[in-house]
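Thanks for making the time this morning. I would like to walk through one structure with you, going from a few charged side chains to the strands and helices around them.

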Amino acid sequence: MSQITIFSASIGNGHNEASKALKEQFEQQGETVTIIDTFHSIHPLLHKTFLELYLRMIEKTPRLWGRLYRYSEEYSWFLVLDQLGTFFCEKLNSIIKKQRTSVMISTHPFVTAFLARLKKKKNLTMPLYTVITDLYLHPAYVRPEIDGYFTASPHIDHFAKEHNLSLEQLFCTGIPIKEIPDINIPRWKLRNDLKLQPDEKTILISGGGLGLGKYEEIIRTLEELQQNIQILCMTGTNKELEEKIRQCKSKHRLHIISYTNQFTNYLRASDLVISKAGGLTVSEALACETPILIYQPVPGHEEDNAQFLVDFGTAVKAERIEDISSHLEDMVFNEETYHQLVSNARKLKKPDAARHIAYVIKQLVRTKQVL
């Protein structure tokens with residue numbers, strides 16, 4: 001039996017949710033698993049610095065974040081993270097020893113850089129696997145110390161060839177998500193169970209666990225719809241946002257829902273989700289067969305997620321706030337458009353990604369032990 005340590009980071013909620021989904025699957029298969037909030041475990045100040053820097057960049061200077069992301073596709077400036085990781089090798093090594101770790105899994109690219117440096121510096125032989133929580137494969141993910149890459153991207157052949165990786169190291173599994181409601185339960189029934197109006201078209205606005213996004217602007221532009229709908233505002237941990245939404249006046253029925261472990265129930269109960277295209281949110285939406293309207297994705301990784309979904313016909317991107325109502329009208333009230341989006345989601349979704357990843361890692365570890 002392996003002692004598995006999943007290294008996550010509380011920079012956005014998606015990485016933690018992916019870690020929890022994996023932990024659940026490994027434990028069902030009899031493994032012992034610990035999740036480490038990596039930067040916080042190294043030092044709370046390091047966590048605070050990373051989180052504040054990330055939030056400030058995507059809120060105040062998102063284009064700069066996007067430029068850095070694009071620049072790193074051609075130039076390896078991101079290896080500065082590996083250099084930074086050198087300073088924390090002793091702390092990470094003590095965590096691994098304390099946990100008696102025999103398998104390392106990372107669900108955040110910054111964490112992967114730190115663990116790759118640790119593995120090299122300490123000559124560790126235990127396997128390191130990285131679970132990619134976006135839909136696009138970026139060169140910054142590649143490290144010689146990584147034993148396996150788990151991704152939602154179907155383009156693993158091209159990526160392996162371009163970056164001199166063995167195709168046997170890449171697995172198109174999807175992004176790990178928690179179990180979703182039975183897809184055969186009608187949406188009206190779920191709405192009824194959640195104490196929502198069962199017979200009203202339902203739109204969910206999501207800004208991830210941190211509640212990021214222009215909720216008030218979106219609510220205002222939805223006033224243009226002729227039909228009355230109910231709007232689920234998933235505010236995550238953002239209390240300030242809750243208060244702002246409470247001040248909004250709307251002809252539609254507004255529901256403010258703070259951080260909840262029933263997110264996928266609300267998602268499945270909705271006819272459409274308006275999202276900025278975070279990897280976990282869109283993976284859950286696909287699994288729930290809920291059409292996705294993308295607005296203001298974070299430049300860089302979320303823009304790539306958005307393009308991936310639009311190209312596959314499972315999402316529509318609104319370039320301007322004024323376009324949201326017309327797109328929504330077509331996506332929800334035009335039956336042909338709606339059913340096409342659902343059909344495409346059905347082809348792309350991977351609701352069993354967590355189970356698949358856990359199974360593959362167990363097989364890889366077993367094979368390595370035999371060798």
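Glu289 is buried in this predicted model, and its relative accessible area of 6% sits under the 20% below which a residue is counted as buried. The carboxylate of this residue has a partner, since the side chains of Glu289 and Lys349 meet in a salt bridge, at 2.8 Å from N to O. Glu289 belongs to the loop between helix H13 (279-287) and strand E11 (292-295), while Lys349 belongs to the loop between helix H16 (335-348) and helix H17 (353-370), so the salt bridge ties together parts of the chain that are 60 residues apart in sequence. On the other side of the pair, Lys349 counts as partly exposed, with a relative accessibility of 21%.

Now let me turn to an arginine that touches Glu289. Arg187 lies in helix H9, and among the residues that it touches, leaving aside those up to four places away in sequence, are Cys288, Glu289, Thr290 and Tyr338, together with Leu267, Arg268, Ala269, Ser270 and Asp271. What is the nearest side chain of opposite charge to Arg187, and how far away is it? That side chain is Asp271, 4.4 Å away, and Arg187, although buried, has no salt bridge. The cut-off matters for this reading, because a salt bridge is counted only within 4 Å. What Arg187 does have is a polar atom of its side chain 2.8 Å from the backbone oxygen of Ser270.

Staying in helix H9, which covers residues 187-193, we find a pair that does meet the criterion. Asp193 forms a salt bridge with Lys189, the closest N and O atoms being 2.9 Å apart. The two residues are separated by about one helical turn, because they are four residues apart in the helix. Both ends of this pair count as partly exposed, Asp193 at 45% relative accessibility and Lys189 at 33%.

Over the whole structure, the search finds 24 salt bridges, and one more of them deserves a closer look. The side chains of Arg70 and Asp304 meet with a distance of 3.0 Å from N to O. This pair links distant parts of the chain, with Arg70 in helix H4 (residues 62-74) and Asp304 in helix H14 (residues 301-312), 234 residues apart. How do the two partners compare in accessibility, buried or partly exposed? Arg70 counts as partly exposed at 30%, whereas Asp304 counts as buried at 12%. Going a step further, salt bridges that share partners join Arg70, Glu73, Glu303 and Asp304 into one network.

Let me move on to the sheets. An open sheet of six strands has the order E2-E1-E3-E4-E5-E6, and the pairing is parallel. At its edges stand strand E2 (32-37) and strand E6 (170-172), each with a single partner strand, so one side of each is left without a neighbour in the sheet. From one strand to the next, the twist averages 20 degrees. Within this sheet, strand E4 (residues 128-131) and strand E5 (residues 148-151) pair over three bridges, and Tyr129 stands opposite Gly148 in E5.

Two helices lie across this sheet. Helix H1 (residues 14-28) crosses strand E1 (3-8), E2, strand E3 (103-106) and E4, running at about 165 degrees to E1. Helix H6 (residues 89-99) lies across E1, E2 and E3, and runs at about 145 degrees to E1.

The loop between E4 and E5 holds Arg143, which counts as buried at 4% relative accessibility. Setting aside residues up to four places away in sequence, Arg143 touches Phe78, Leu79, Asp82, Ala113, Ala116 and Tyr149.

Finally, consider strand E7 (residues 202-206), where five of its five residues are buried. In a regular strand the side chains alternate between the two faces of the sheet. In E7, Thr202, Leu204 and Ser206 point one way and Ile203 and Ile205 the other way, and all are buried. E7 pairs with strand E8 (residues 230-236) in the parallel sense over five bridges, and Leu204 stands opposite Leu232 in E8.

Terms used:
Residues are numbered from 1 along each chain as its sequence is written. This is a predicted model: local features need pLDDT of at least 70, side-chain atom pairs count only at pLDDT 80 or more; totals for chains, interfaces and linings use all residues. Side-chain values use heavy atoms; hydrogens and water are left out. Two strands pair if DSSP finds at least two bridges between them. Axes are lines fitted to C-alpha atoms, for helices over the stretch in contact, and angles run from 0 to 180 degrees between N-to-C directions. Contact means heavy atoms within 4.5 Å. Buried means under 20% relative accessible area, exposed over 50%, partly exposed in between (1.4 Å probe, protein chains only). Lys and Arg count as positive and Asp and Glu as negative; His and the chain ends are not counted. A polar contact is a pair of N or O atoms within 3.5 Å; within protein, one must be able to donate a hydrogen and the other to accept it, and residues adjacent in sequence count only if both atoms are side-chain atoms.
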